[in-house]
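Me: I should like to go through this structure by question and reply, with the reasoning set out at each step.

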Amino acid sequence: MIKQNTIEKIISTVKIEEVVGEFVTLKRRGVNMLGLCPFHDEKTPSFTVSPAKNIYKCFGCGKGGDPIRFVMDHEAMNYPESLRYLASKYNIDIEETENTAEQKAIKELNDSYFIINEYAQNYFNNQLFNTDEGKSVGLSYYKERGYNEAIIKKFQLGYTSNQRDDFTQSAIVKRYNIDFLKSLGLTSKMGFDFFRSRVMFTIHNLSGKVIAFAGRTLSTDKKTPKYINSPETVIYTKRKVLYGMYFAKQSIRQHDECVMVEGYTDVITLHQYGVENVVASSGTSLTIEQINLVRRFTQNIKIIYDGDAAGIKAALRGLDLVLEQDMNVKLVLLPEGEDPDSFMKSKGIEGFRAYLVEHEEDFVLFKTNLLLKEAGDDPIKKSIVLKDIVQSIAKIPDMIKRQLYIQKCSAMMGIAERIIITEINKVIKADRKQKQAVYDRERAKQAGREEDQISTAPQERGYQNEPTLLTGDDFQEKDLLRVLISHGNLAFNDESNDTVAVFIIDMIRDQIDKIDNALYREMFSIIIDQVDKDGKINTNYFINNDNETMRNQCIDFLSSPYSYASWENKGLLLQTQKDPEHNQEMDAVQSLRRFLLRKSEKEIKLLELKIIEFSNQPKTESQEKTLSTYIKAYKMAQSQRSELASKMGSVFLK
């Protein structure tokens, strides 16, 4: 594990404009820099880099963060990998805590597997290009499929001869561990080569390292399996991998869409013709891990299937799983007898792209149409179709999107919206009940563990997995949080030794429990803890937070699509106040007053309800005292409200 002092050195050393500048052409605009966003396709620059704040923000797609986050998003690296990348760029020595013996063993095993797989890939490639059999059989096969040499080398394709142990003996001579060769599935238990007389497809992880292989036979013998694959290992889990993702990730970001096909050859053909945002599920139904892998780069999936009956059934498998992850899914069915590889070759790139646009269908509506055709006018079959469609729509987490599907399906099926909504609510409630039961069982298993080891239920941290609910006080809470994040560490004014954060926290410490928005309440609490402990706000904590909602909110506070005029350089000085970018005192005071005034109004309304409740019923002596307390509190709240309102001037309250 990388030591904290090394992480802090990296954070304080790296410059956002230098890191981003390696991938994006930036032009100076005032204090910021502007360029075309590398995460989505745009013609007008909306990607802003702030050297002063050491962050970036795209006002088109919403991506934002610091240099570490940029490397993580752009290069698809995890946090430690991103730190190592930046440390290497800035020649920073990495200090690490001592790993346990188990951690060292796992790392050494992983490294050994990667090294052996790289050797195997080079061996298969050499067999393809530099042996008579490889050139006459393997290379001929690839060229018959229309692959040029550049695409063959890009995807690191290869070939293996029919010799029983040529590869294994070659690896042993190079002193590679025979047990590792067997574990990786390169050598059989009997010591023979596992892949023989096959063209080889190399499978990579997101970083481009070789993690597995697939071998396709060229034999016409039906008893010989068409494809054989590497077994799962510590570096290869099939359900987590999409073939071609390493080569497609950048194009997927740029087009904001992932094209998904079924086979290896489909991916390679489409790449060669210029469609590079394409990956393959390799003949398996989509898994949650694969869907989440795509979601790292885009919310939009376009799935291409063969137009036969098997293709249609394959298109429906995993549909609910994709919808549940809030992905936007389109389906394209090719003409019967065609696959992406053959169709691209017959139609060419322009014809292929035109067909995709003309024939793409929404996944849910496609399923509805298909099942309705099968049901015909049979009312029983139609009721079964409704239940099937309801199950799918209920998986969609976005309420607006769900409502739009309800309206469309209602019209298509001739069934009232309220009936569909009722059925969907039943499914949602049942699903929640099931998930709660699973969670309760897991919590019961962990009952004997330390409290900090027990995971928090998703429903207890609603803002992480559900849409944020706007409250009446949302604007005031958000604005005060903005002031803290943006100006919190600055001096409150020229005369005070206190920071903006200290000034605000002293005024709102007893108001934290009254903050309605769960996300803002947690961020306020964290800020108070930071200031109490260190005397300042650590914005890097929020910028690098694992909670994406919290991270993005902080970036939004620190970013602005606008820039202030340089007043002094233009010879125009404000007469009554400082220029906006340096007027943290007024910004803090105004925001704080709006916040306190709103909370005061809310307190008055609650006290009014309590007073009315107690006034309209017979009272004991104790209740009379309680009523008197409420009245005093009510008058005090009114006085505070009046004082705040007078300081604010003209104020409009809903």
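Reply: The model is a predicted one. A suitable place to begin is the salt bridge of Glu-22 with Lys-89, in which the closest N and O atoms are 2.3 Å apart.

Me: How many residues apart in sequence are the parts that the pair of Glu-22 and Lys-89 ties together?

Reply: Glu-22 lies in the loop between helix H2 (16-21) and strand S1 (27-29), whereas Lys-89 belongs to helix H4 (residues 79-89). The pair therefore ties together parts whose separation in sequence is 67 residues.

Me: Which class of accessibility applies to Glu-22, and which to Lys-89?

Reply: Buried requires a relative accessible area under 20%, and exposed requires over 50%. Glu-22 has a value of 44%, and Lys-89 has 30%. Each value falls in between, so Glu-22 is partly exposed and Lys-89 is likewise partly exposed.

Me: In which helix do Asp-111 and Lys-107 both lie?

Reply: Asp-111 forms a salt bridge with Lys-107, the closest N and O atoms being 3.1 Å apart. The two residues are 4 places apart, about one turn of the helix. Residues three or four places apart point the same way, because an α-helix has 3.6 residues a turn. The helix that holds both Asp-111 and Lys-107 is H5.

Me: Across which strands does helix H5 lie, and at about what angle to S8 does it run?

Reply: Helix H5 comprises residues 101-130. It lies across S6, strand S7 (198-204) and S8, and its angle to S8 is about 35°.

Me: Which are the edge strands of the open sheet that contains S7 and S8?

Reply: The sheet is formed by 4 strands in the order S6-S7-S8-S9, with antiparallel pairing. An edge strand here pairs on one side only, and this applies to strand S6 (158-160) and strand S9 (227-229). From one strand to the next the twist averages 30°. The edge strands are thus S6 and S9.

Me: Which residue in S9 stands opposite Arg-216?

Reply: Strand S8 (residues 210-217) is joined to S9 by 3 bridges, and the two run antiparallel. Opposite Arg-216 in S9 stands Tyr-227.

Me: How many of the residues of helix H11 are buried?

Reply: Helix H11 (residues 264-272) lies across S7, S8 and S9, running at about 75° to S7. Its buried residues include Tyr-264, Val-267, Ile-268 and Leu-270. The helix is mostly covered, and the number buried is 8 of its 9 residues.

Me: What distance separates the C-alpha atoms of Val-279 and Tyr-264?

Reply: Val-279 has its place in strand S11 (residues 278-280). It is buried, because its relative accessible area of 0% is under 20%. Among the residues that it touches are Leu-242, Met-245, Ile-252, Met-260 and Val-267. Val-279 and Tyr-264 are 15 residues apart along the chain, and their C-alpha atoms are separated by 8.4 Å.

Me: Why is strand S12 largely enclosed by the rest of the structure?

Reply: In a regular strand the side chains alternate between the two faces of the sheet. Asn-300, Lys-302 and Ile-304 point one way from S12, Ile-301, Ile-303 and Tyr-305 point the other way, and all are buried. Strand S12 (residues 300-305) is therefore largely enclosed because the number of its residues that are buried is 6 of 6.

Me: Which residue in S12 is the bridge partner of Met-260, and which in S13 is that of Asn-300?

Reply: Strand S10 (residues 258-261) is joined to S12 by 3 bridges, and these strands run parallel. S12 is also joined to strand S13 (residues 328-333), by 6 bridges and again in parallel. The partner of Met-260 is Ile-303, and that of Asn-300 is Asn-328.

Me: Which residue forms a salt bridge with Arg-239?

Reply: The closest N and O atoms of this salt bridge are 2.9 Å apart. Arg-239 is partly exposed, with a relative accessible area of 40%. The residue with which Arg-239 forms the salt bridge is Glu-289.

Me: Which residues are linked with Asp-479 in a network of salt bridges?

Reply: The count of salt bridges comes to 18. The residues linked with Asp-479 in a network are Arg-482, Asp-587 and Arg-594.

Terms used. Residues numbered from 1 in each chain as written. Predicted model: local features only at pLDDT ≥ 70, side-chain atom pairs only at ≥ 80, totals over all residues. Heavy atoms only, no water. Pairing = 2+ DSSP bridges. Axes fitted to C-alpha atoms, helices over the stretch in contact; angles between N-to-C directions. Contact = heavy atoms within 4.5 Å. Buried < 20%, exposed > 50% of the residue type's maximum accessible area, 1.4 Å probe, protein only. Salt bridge = Lys/Arg side-chain N within 4 Å of Asp/Glu carboxyl O.
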